[in-house]
Amino acid sequence: PLASLRAADLERPGLVFEAGNCLYRTTGENAGGGGMGSAYVLQRRTRGADLDQVDTPAVGKVFHSEYLYQLRTDEVTRRDHACVLVNMRSIGELDHPNLLPIYVSAPIADNHLTVTPRQAATLLHAVTAGALPPRRRVELLMDALRGLARLHQAGFIHRDFTLRNVL
């Protein structure tokens, strides 16, 4: 069950857990991290799907232990965190082609798990790799800005909108 999953379990390949109508299998592969947490590659499959269905890649994100400690010891961080979790639920309900869907946002045994689709690369990577012509770069940035505008329209501020956070 999802409630018994631990953050360290995401580092072990082959563990299966259920959330909603989907099954997730851990790969053990680290997908990166940031200031607040780490991300791990998962495989996602809809329950009851036919045997020919291919698993789709997803990313499971959890908070760093230092951040969790700060939650236990700092009232301001705790209030901010509670607000973030409420906002994540609301953002997960937004439907827009330029916003990354949130498959799961739920507490687990020792952390909080957020699962989103796994995308190919960040806009920073695509731009610095030099493979995109200028027109395509502008198109991708405009798509990202459309998603950001949808967030603003719903009353949210991203707080970390950078090329490395645009997928």
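The following paragraphs describe the sheet, one helix and several individual residues of a predicted model.

The strands are arranged in an open sheet of six, in the order E1-E2-E3-E4-E6-E5, and their pairing is antiparallel. Strand E1 (16–19) and strand E5 form the edges of this sheet, each of them pairing on one side only. From one strand to the next, the twist averages 35°. At the E1 edge, four bridges join E1 to strand E2 (residues 22–33), the two strands running antiparallel, and within this pairing Val-16 has Arg-25 of E2 as its bridge partner. Further along the order, E3 and E4 pair over eight bridges, again in the antiparallel sense, with Gln-43 standing opposite Pro-57 in E4. The pairing of E4 with E6 is likewise antiparallel and comprises four bridges; here the bridge partner of Ala-58 is Pro-117 in E6.

Aromatic contacts were also examined, and the count comes to two aromatic pairs. One of these is formed by Phe-17 and Tyr-24, whose ring centres lie 5.4 Å apart and whose planes meet at 15°, so that the pair is classed as stacked, planes under 30 degrees apart being counted in that way. Phe-17 and Tyr-24 are both buried.

Helix H2 (residues 75–92) comprises 18 residues and reaches 26 Å from its first C-alpha to its last, a span close to the 26 Å expected at 1.5 Å a residue. Four residues of H2, namely Thr-77, His-81, Leu-85 and Met-88, are buried. These four residues lie on the same side of H2, because the arc that they cover around the axis is only 80°. The cover over the buried residues of H2 includes elements of the sheet, among them strand E4 (56–63), strand E5 (104–108) and strand E6 (111–117), and it also includes helix H1 (65–73). By contrast, Val-76 and Arg-79 are exposed, and they are carried on the face of H2 that is turned away from its buried side.

Three further residues, placed in a strand, a loop and a segment after a helix, were considered individually. Ser-38 is located in strand E3 (residues 37–46), and its relative accessibility of 16% places it among the buried residues, for which the cut-off is under 20%. When its neighbours within four places in sequence are left aside, Ser-38 is in contact with Gly-32, Gly-33, Gly-60, Lys-61, Val-62 and His-64.

Gly-48, in turn, is found in the loop between E3 and E4, where a relative accessibility of 83% makes it an exposed residue. In sequence, Gly-48 is separated from Leu-94 by 46 residues, and in space the C-alpha atoms of Gly-48 and Leu-94 are 26 Å apart.

Arg-159 lies in the segment after helix H4 (134–153). The phi angle of Arg-159 is near 75°, which is a positive value in a residue other than glycine. With a relative accessibility of 63%, Arg-159 counts as exposed, since the cut-off for that class is over 50%.

Technical notes:
Residues numbered from 1 in each chain as written. Predicted model: local features only at pLDDT ≥ 70, side-chain atom pairs only at ≥ 80, totals over all residues. Heavy atoms only, no water. Expected span 1.5 Å × (residues − 1). Buried < 20%, exposed > 50% of the residue type's maximum accessible area, 1.4 Å probe, protein only. Arc of directions from axis to C-beta. Contact = heavy atoms within 4.5 Å. Pairing = 2+ DSSP bridges. Axes fitted to C-alpha atoms, helices over the stretch in contact; angles between N-to-C directions. Phe/Tyr/Trp six-rings, centres within 6.5 Å; stacked < 30°, edge-to-face > 60°.
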